[in-house]
Amino acid sequence: MDKAYPVTRSDTEWRKLLTPEQYYIMREHGTEMPGSCALLVEKRPGKFTCAGCGKTLFETGRKFESGTGWPSFDKPVAGSVETSVDESLGMERTEVHCATCGSHLGHVFDDGPPPTHQRYCINGVAMNFKPDRDS
């Protein structure tokens, strides 16, 4: 299933843009070590954007502490992410990827807090943080 995304790059361009860890996670569907990213503890008001294209994915007000070791959110910015079925570990999970560039971000689970009961478990290195102006 090859989808055309609004932002596309060649493999060479992705490798120049992303760090080796980001490339592994975002383009090869990897996972960072839990607790390894500074965005896990980011609490300032602001926006979390895709490291591949700059699209705003999540806002600080939707972030919560899940205890999993990865930044967790209960809801993405409308239209910012898409999902697909991931059967890579012998089980079925729902993969989350950027709707603008197709980069792998993480997975979504149905064990989050009300009212959405969703937990978007996102690799921190797949995002950048932009604090609000007054932060």
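In the predicted model, Lys 63 stands opposite Phe 73 of strand β4. This pair belongs to the contact between β3 and β4 (residues 72–73), two strands that run antiparallel and are joined by two bridges. Both strands form part of an open sheet of six strands, arranged in the order β3-β4-β8-β7-β6-β5 with antiparallel pairing. The edges of this sheet are occupied by β3 (63–64) and β5 (81–86), each of which has a single partner strand, so one side of each is left without a neighbour in the sheet.

The chain as a whole contains two helices and nine strands. The radius of gyration is 14 Å, close to the 14 Å that the globule rule gives for 135 residues, so the chain is as compact as a globular protein of that length. In sequence order, the elements follow the pattern α-α-β-β-β-β-β-β-β-β-β. The C-alpha trace spans about 40 × 35 × 30 Å along its principal axes. Among contacts with a separation of 6 or more, 54% are made by residues 24 or more positions apart.

Of the 135 residues, 45% count as buried. The accessible surface of the chain amounts to about 7500 Å², and carbon and sulfur atoms contribute 51% of it. With respect to charge, the chain carries 16 positive and 19 negative side chains, and the centres of the two sets are 7 Å apart.

Within the sheet, strand β7 (residues 104–109) is mostly covered, with five of its six residues buried. Its neighbours in the strand order are β8 and β6. Strand β6 (residues 93–98) pairs with β7 in the antiparallel sense over four bridges, and His 97 stands opposite His 104 of β7 in this arrangement. The hairpin of β6 and β7 has five residues between the strands, and Gly 102 there takes a positive phi near 80°. The pairing of β7 with strand β8 (residues 119–122) is likewise antiparallel and involves four bridges. Here, Cys 121 in β8 is the bridge partner of His 107.

Several features of backbone geometry were also identified. Most residues other than glycine have a negative phi, and most peptide bonds are trans. Against this background, a cis peptide bond joins Pro 114 and Pro 115, with omega at about 5°. Pro 115 is placed in the loop between β7 and β8. The loop between β7 and β8 also holds His 117, a residue that has a positive phi of about 60° although it is not a glycine. His 117 counts as partly exposed, at 41% relative accessibility.

A further positive phi is found at His 29, where the angle is about 65° although the residue is not a glycine. His 29 lies in the loop between α2 (20–28) and β1 (46–50). With a relative accessible area of 46%, His 29 is partly exposed.

How values were computed:
Residues numbered from 1 in each chain as written. Predicted model: local features only at pLDDT ≥ 70, side-chain atom pairs only at ≥ 80, totals over all residues. Heavy atoms only, no water. Rg over C-alpha atoms; globule rule 2.2 N^0.38 Å. Buried < 20%, exposed > 50% of the residue type's maximum accessible area, 1.4 Å probe, protein only. Contact = heavy atoms within 4.5 Å. Areas by Shrake-Rupley, 256 points an atom, 1.4 Å probe, with all protein chains shown as cover. Lys, Arg positive; Asp, Glu negative; His and termini not counted. Charge placed at Lys NZ, Arg CZ, Asp CG, Glu CD. Pairing = 2+ DSSP bridges.
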